[in-house]
Amino acid sequence: VGDDFYMTASSFQCIPGLPILHSRDLVNWEIVNYALDRLVPEDFYSKPRHGKGVWAPSMRYHDGEYYIYWGDPDFGIFMVRTTDPCGRWSDPILVREGKGMIDPSPLWDDDGKAYLVNGWAGSRAGFNSVLTVWEMTSDGKSLMGAPVIVFDGNDGVNHTVEGPKFYKRDGYYYIMCPAGGVVDGWQLALRSRSPYGPYESKIVMSTGDSGINGPHQGGWVETAYGENWFINFQDKGLYGRVLHLNPVK
C-alpha cells in the first residue's frame, strides 16, 4: 500500500496470533502488531491444541481496509479486518463453516464481485491436492453457492497442490500455488480469463540445479514503481522456514 509492505504468517494455536510485519523494501522486516488476540471457538482453544488453529493466512488491501483470511482446518475459513494494521483488528468472522478448508485467498474484481480460492486438507476433508473457487459477498464476510474445482493435482504430477494466492493482472486471473510438497516442491502459475477457469498451468520456479529446495507458498507483490517480486519460503528443517525474494518476469 503505497511505500508500505505488510506481511502475516501462520500462528497455529499461539496467541497473540497472526503477526503483522512491516517493511519499506521487502528485505528488512519488523513485527509491529498482532491481528488476533483470541481463537474461536474459545471453549475448544482453552486447552492446548498443538498444530491446530491458524493455518496459512492471506493478507489483502481493499477499499481502504486490510483483510486477513485464514483456514482453521477443524472449523472453517475466518477473517479479520482493520483500517490500520498497527491498530486494533476486528474480532474473527466465520466466513464459511466446515472441515478441511485451508489456505484461503480473496480477490475483489473490477466489476464489484468478489471471489475466494482455497485448498483442502486431506486429514479433515478426506481429499487434497485440489483448489476450489467460491463467489464471495462484496463485504468479504461470507461465501456464496458451492465451490468450483479449478485445479486438480491428482494427475500423477502436481500432488499436494495447496497454498493458492489469487490475483488479477491485465485481464487475466492468476492463481500462484506450490505443488509437490513443502520440502521438495515447485511453484505453479495458473492463468485464465475467468475466475472459474479453465486455467492453463506452468511451472514458474523449481529447485533445478540450484541446490535450493522449495520454493513454497509465495506471494506476488507489485510495488508502487511497477516492479514485480515473489516472496516465498524455503523449508530448512531445524532452522525453520526462511524467506526468499525473487524477481518476477
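Below, a biologist and a modeller talk through a predicted model.

Biologist: Let's start with the open sheet of 4 strands; which strands stand at its edges?
Modeller: Going across this open sheet, the order is β4-β5-β6-β7, and the pairing is antiparallel. Two of these strands have a single partner each, so one side of each is left without a neighbour in the sheet. From one strand to the next, the twist averages 20°. The edge strands are β4 (55-62) and β7 (93-97).

Biologist: Staying with that sheet, which residue in β6 does Y67 stand opposite?
Modeller: Strands β5 (residues 65-72) and β6 (residues 76-82) run antiparallel, with 7 bridges joining them. In general, strands of a sheet pair through backbone hydrogen bonds. The residue in β6 opposite Y67 is R81.

Biologist: Which residue of β4 has a positive phi although it is not glycine, and is it buried or exposed?
Modeller: The residue sits in strand β4, and its phi is near 30°. Its relative accessibility is 10%, and the cut-off for buried is under 20%. So the residue counts as buried, and its name is A56.

Biologist: And F12, how does its accessibility class come out?
Modeller: F12 also has a positive phi without being glycine, near 50°. F12 belongs to the loop between β1 (5-7) and β2 (17-23). With a relative accessible area of 31%, F12 falls between the 20% and 50% cut-offs, so the class is partly exposed.

Biologist: I spotted cis peptide bonds too; what is omega for the one joining V40 and P41?
Modeller: P41 is in the loop between β3 (30-36) and β4. The cis bond there joins P41 to V40, and omega is about 0°.

Biologist: Then what is omega for the cis bond of G214 and P215?
Modeller: Here the proline, P215, is in the loop between β15 (200-205) and β16 (216-222). The peptide bond joining G214 to P215 is cis, with omega at about -5°.

Biologist: Next up, β8: how many of its residues are buried?
Modeller: Strand β8 covers residues 101-108 and is mostly covered. Its antiparallel partner is β9 (residues 114-120), joined to β8 by 6 bridges, and P106 stands opposite L116 there. As for buried residues in β8, the count is 8 of 8.

Biologist: Which residue takes a positive phi in the hairpin of β8 and β9?
Modeller: The hairpin has 5 residues between its strands. One of the hairpin's residues has phi near 95°, and that is G112.

Biologist: On to empty space: what is the volume of the largest cavity?
Modeller: The structure holds 1 cavity of 30 Å³ or more. Its lining is made by L36, R38, L39, V40, W70, D72, F78 and P92. By class that gives 6 nonpolar, no polar and 2 charged residues. The volume is about 30 Å³.

Biologist: Which element gives the largest share of the lining of the second largest pocket?
Modeller: This pocket has a volume of about 480 Å³ and is lined by 17 residues, with M176, A189, V204, V248 and K249 nearest its centre. Elements giving two or more residues to the lining are β13 (172-179), β14 (186-192), β15 and β18 (241-247). By class, the lining has 10 nonpolar, 3 polar and 4 charged residues. The largest share, 5 residues, comes from β15.

Definitions and conventions: Residues numbered from 1 in each chain as written. Predicted model: local features only at pLDDT ≥ 70, side-chain atom pairs only at ≥ 80, totals over all residues. Heavy atoms only, no water. Pairing = 2+ DSSP bridges. Axes fitted to C-alpha atoms, helices over the stretch in contact; angles between N-to-C directions. Buried < 20%, exposed > 50% of the residue type's maximum accessible area, 1.4 Å probe, protein only. 1 Å grid on protein atoms, 1.4 Å probe; cavity = no way out; pocket = protein on both sides within 12 Å on 5 of 7 lines; lining within 4 Å. Points joined across faces, edges and corners; volume = space filled by probe spheres on them. Nonpolar A, V, L, I, M, F, W, Y, C, P; charged D, E, K, R; others polar.
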